[in-house]
Amino acid sequence: VDEGLDALRRSARANSTDPSVLVRLATALIDRQRGGEAIELLWRAFDKSPKLEDRLSIISKLIEAHATSKQQSRVIERLAKLRGDKSQRRAITLCLAHAFLTMGQDTAAQKELESLLSEEARDPSVLTQLRHLAEKRQDWVTAANYQRQVWQITQDKRDRYELAQLLLKSDNSEAAMELLTTESGQRELTADVIQLLDGLYVTRKLDEVRGRLKSLRQRFPDSWELLYRE
């Protein structure tokens, strides 16, 4: 083990500008209960990482490294100081929210994300994280509201279907079905509608399936997919 760690240390010295090497060494140290040595390596990797997704992954490892000494608040404190740089405000706030989530402090994470939302209301990544938090609380109405904003920005079919699923969970099946049979002002029967009907059938909501089929068959009388399910 010691020889392996020494090899990783030599690799880190030889590739001092590559954050992935630092993270690999830090991970090996954390796995062997040497979190103290890993922490500064992870912060060095954090500073050198240009991508937000890499930084979020490093934050998770920092929380893990601090877990044994129960000093996770130090990660929050250091991130709060870094947020003083206005050019990094958005990225560091997302890192703070991720740190709180990793620590199981959902309310604090939501507060951080909402502070960003007020500044960047058209940011789908922030809206998506807020939607996930609402789903975690099983607040389907709030989750659907956030997802609707995401879909309005992206106009992506996958986001539209996820909105329909959340509308179903919030007992708004009429809006969900209407959403999936309307696109660019034209009526069409999408594969998502069929998937939604099958989902209702699997959960034994048979009366609702029958009602939906009757309504859809009037709109799309030539659809063999609907006829088969009826």
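These legends accompany an overview and several close-up views of a predicted model.

**Figure 1. Overview of the chain.** The predicted model shows a chain with 14 helices and two strands. Its radius of gyration is 24 Å, well over the 17 Å given by the globule rule for 230 residues, so the chain is more spread out than a compact globule. Along the principal axes, the C-alpha atoms fill a box of roughly 70 × 40 × 30 Å. Of the 230 residues, 38% are buried. Among contacts with a separation of 6 or more, 43% are between residues 24 or more positions apart. The exposed area of the chain is about 13100 Å², and carbon and sulfur atoms supply 48% of this area. The side chains include 38 positive and 36 negative ones, with the centres of the two sets 3 Å apart.

**Figure 2. Close-up of A28 in helix α2.** Helix α2 spans residues 19-31 and contains A28. The relative accessible area of A28 is 12%, under the 20% cut-off, so the residue counts as buried. When residues up to four places away in sequence are not counted, A28 touches L5 and L8. A67 lies 39 residues from A28 along the chain, and the C-alpha atoms of the pair are separated by 16 Å.

**Figure 3. Close-up of the loop between α3 and α4, with S49 and P50.** The loop that holds S49 runs between α3 (35-48) and α4 (52-67), and P50 is found in this loop between α3 and α4 as well. Are these two residues buried or exposed? S49 is buried, with a relative accessible area of 5%, whereas P50 is exposed, with a value of 74%. Leaving aside neighbours within four places in sequence, S49 is in contact with P19, D54, R55 and I58. P19 also serves as a reference point for P50: the two prolines are 31 residues apart in sequence, and their C-alpha atoms are 9.6 Å apart in space.

**Figure 4. Close-up of H66 in helix α4.** H66 lies in helix α4. With a relative accessible area of 5%, H66 is buried. Which residues does H66 touch, not counting those up to four places away in sequence? They are I39, Q71, Q72, R74 and V75.

**Figure 5. Close-up of G104 in the loop between α6 and α7.** Helices α6 (89-102) and α7 (106-119) flank the loop in which G104 is found. G104 has a relative accessibility of 54%, over the 50% cut-off, and therefore counts as exposed. G104 and R24 are 80 residues apart in sequence, with a C-alpha to C-alpha distance of 25 Å.

**Figure 6. Close-up of Q138 in the loop between α8 and α9.** Q138 is placed in the loop between α8 (124-136) and α9 (140-154). Although Q138 is not a glycine, its phi is positive, at about 60°. The relative accessible area of Q138 is 57%, and the residue is exposed.

**Figure 7. Close-up of R204 in the loop between α12 and α13.** The loop containing R204 connects α12 (191-202) with α13 (206-219). R204, a residue other than glycine, has a positive phi near 65°. R204 is exposed, with a relative accessible area of 53%.

**Figure 8. Close-up of E225 in helix α14.** E225 is located in helix α14, which covers residues 224-229. How accessible is E225, and what class does that give? Its relative accessibility is 26%, which lies between the 20% and 50% cut-offs, so E225 counts as partly exposed. A polar contact of 2.8 Å joins the side chain of E225 to that of R229. In sequence, E225 and I194 are 31 residues apart, while in space the separation is 7.5 Å from C-alpha to C-alpha.

Terms used. Residues are numbered from 1 along each chain as its sequence is written. Side-chain values use heavy atoms; hydrogens and water are left out. Helices (H or I, at least four residues) and strands (E, at least two) are DSSP runs, numbered from the N terminus. The radius of gyration is taken over C-alpha atoms; the globule rule is 2.2 Å times the number of residues to the power 0.38. Buried means under 20% relative accessible area, exposed over 50%, partly exposed in between (1.4 Å probe, protein chains only). Contact means heavy atoms within 4.5 Å. Accessible areas come from the Shrake-Rupley method with a 1.4 Å probe; for residues, only the protein chains shown count as cover. Lys and Arg count as positive and Asp and Glu as negative; His and the chain ends are not counted. The place of a charge is taken as NZ of Lys, CZ of Arg, CG of Asp or CD of Glu. A polar contact is a pair of N or O atoms within 3.5 Å; within protein, one must be able to donate a hydrogen and the other to accept it, and residues adjacent in sequence count only if both atoms are side-chain atoms.
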